[in-house]
Amino acid sequence: MKAMRLKPAPDCREDIAFRLRIVEENKTLNAILGVNPDALAQAELCHRASRRGIAFGPLHGVPVIIKDNIACADLPITLGCRALASLRASADSLVVQRLRAAGAIILARANMSEFAFDVRSRSSLGGDVLNPLRPDITAGGSSGGCAAAVAAGMADGALGTDTGGSIRIPSSYTGLVGLRPSFRRELLEGIAPLSPSKDTVGPMVHTVQDAALLHAIIHGKKPAPLQQMPLSGIRLGVLSGLEGDDELQGQVWRAALERLRRAGAVIIPVTLPELEAVRQTTCLSVYEFRVAFDAWLKGYANTPAGLAAIFASEQFLPEFSPFITRLLEVNTLKNPEWLAGRRFRRRLRRSLSDAMVQNAIQGLLYPTVSQLPKTLEKMPPGCAPELAAISGLPALTLPCGVSSEGVPVGMEILSGERDETSLLTLALACETALQ
């Protein structure tokens, strides 16, 4: 079992100072949009409390990176966009409130794909996020800054957001564990929207146990270590049609499945009739973003009036101009296309759950992405990340090996239950076998 990394340091002042040096030394990764100027002072407070035998919580003095679409009081919240560079949060988002209550120190704000539009993290404020394992390739998106920061050691945990794969894709590219929890609207308080019917927030960390810890904290639950479960006799479904055509990834993927078999897992091929429909489904964010984003902006003073005003200012990545033009054509939410997408969501969830029940399997496995990244440009991830995003079911990616070119390969596990505990327990068993 991999050791947890998210735990208080003997001297959190030294740890925070050390992490800030790593941030400074890795500026060329473009992972960070800004550090918390009060981080060292907050570490001092934690240190004084420790000397009195007081612990603020399970994350006492632990640094955490936050994606720059999640509100942190008195810090900017820019979504990576030059037009929003002066925007500052007056209050913490719900998830940041819970992190602070657990003793965490918000170390820095992570770069991201501008507006969270893309699966490659590039913004007009921060540029391209580079992969610390291979700086010539992208760290993925839209939570790529979080992934690069954790992989580079700036912190051992980060919070990202996931609408169509934005936690899991960069976690896969950088060899991390990334959890997309089941959809819960109440957890999105204080987070800039992309697609309110699909947005989620979750941990990006090194181990499954760390994912469980952060997940419990941001959901307002008391953290408890996961119990180790043997894989012997456990039935795992491998979803056909998602293997992709990347042979370097395929070699790692097949070896990983063999390791699970040797650990006693029973691997069952599973087909999903809706897979082609998933490939062809238009993302609901096309219909939801403008309405939700304009409403969110109204909560801040001295900001652009809305997406149309930002478009007129030209203070954003020019390559997004055609997409924003398309978004500006949407004035109402409940149009026929949106309603059809909602109906398909229910259908897909039933189909996934039925596949697991009929095959008596505890989780569905597939490569997190269809192809490994090769450059700083966007690499289409395939439709696999959309299975959890559309259905609202929880999914987790964990590293299952490294290609011969040094790029991590992610294995995604999707659960048929909305409670993440069974998913995390199964992921821990797989993580142990894959070591």
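Which residue just after α6 takes a positive phi? That would be G220, with a phi of about 75 degrees. The close-ups below start around that helix and move outwards.

A quick note before looking: this is a predicted model, in which local features need pLDDT of at least 70 and side-chain atom pairs count only at pLDDT 80 or more, while totals for chains, interfaces and linings use all residues. Residues are numbered from 1 along each chain as its sequence is written, and side-chain values use heavy atoms, with hydrogens and water left out.

**View 1. Helix α6 sits inside the structure, largely enclosed by the rest.** Helices and strands here are DSSP runs (H or I of at least four residues for a helix, E of at least two for a strand), numbered from the N terminus. Eleven of the eleven residues of α6, 208-218, are buried, so the rest of the structure largely encloses this helix. Buried means under 20% relative accessible area, exposed means over 50%, and partly exposed is in between (1.4 Å probe, protein chains only). Among the buried residues are V208, D210, H215 and I218. The cover over them includes α3 (94-101), β8 (157-162), β9 (177-180), β10 (200-205) and α14 (420-434).

**View 2. L59 is one of the best-connected members of the largest nonpolar core.** A nonpolar core is a set of buried Ala, Val, Leu, Ile, Met, Phe, Trp, Tyr and Cys residues joined through side-chain atoms within 4.5 Å. This one has 61 residues, and L59, L99, L260 and M411 touch the most other members. Helix α14 supplies the largest share, eight residues. Set aside neighbours within four places in sequence, and L59 is in contact (heavy atoms within 4.5 Å) with L6, L99, A102, G103, A104, L213, L214 and I217. Another core, of 29 residues, lies apart from it and has I65, A110, A147 and I167 among its members.

**View 3. An open sheet of eleven strands has mixed pairing.** Read across, the order goes β1-β3-β2-β8-β10-β9-β14-β15-β13-β11-β12. Two strands pair if DSSP finds at least two bridges between them. At the edges stand β1 (32-35) and β12 (266-270), each with a single partner strand, so one side of each has no neighbour in the sheet. On average, neighbouring strands are turned by 30 degrees against each other, direction ignored. Look at β8 and β10: they pair in the antiparallel sense over six bridges, and the bridge partner of T161 in β10 is V201.

**View 4. D162 and R180 join their side chains in a salt bridge.** That term stands for a side-chain nitrogen of Lys or Arg within 4 Å of a carboxyl oxygen of Asp or Glu, and the structure holds 27 of them. Here the N to O distance is 3.0 Å. D162 belongs to strand β8 and R180 to strand β9, 18 residues apart. D162 is buried at 0% relative accessible area, and R180 also counts as buried at 0%.

**View 5. E319 and R122 meet in another salt bridge, at 3.3 Å from N to O.** E319 lies in the loop between α10 (307-313) and α11 (321-327) and R122 in strand β4 (122-123), so the pair ties together parts 197 residues apart in sequence. E319 is partly exposed, with a relative accessible area of 37%, whereas R122 counts as buried at 13%. Both belong to a network of salt bridges that also links D118, R120, D128, E377 and K378.

**View 6. F115 and F293 form an edge-to-face aromatic pair.** Rings of Phe, Tyr and Trp (its six-membered ring) pair if their centres lie within 6.5 Å; planes under 30 degrees apart count as stacked, over 60 as edge-to-face and the rest as tilted. For this pair, the centres are 5.7 Å apart, with 90 degrees between the planes. F115 sits in the loop between β3 (105-110) and β4, and F293 in helix α9, 178 residues apart. F115 and F293 are both buried. They belong to one aromatic cluster with F117, F289, W296, Y300, F320 and F323.

Definitions and conventions. Axes are lines fitted to C-alpha atoms, for helices over the stretch in contact, and angles run from 0 to 180 degrees between N-to-C directions.
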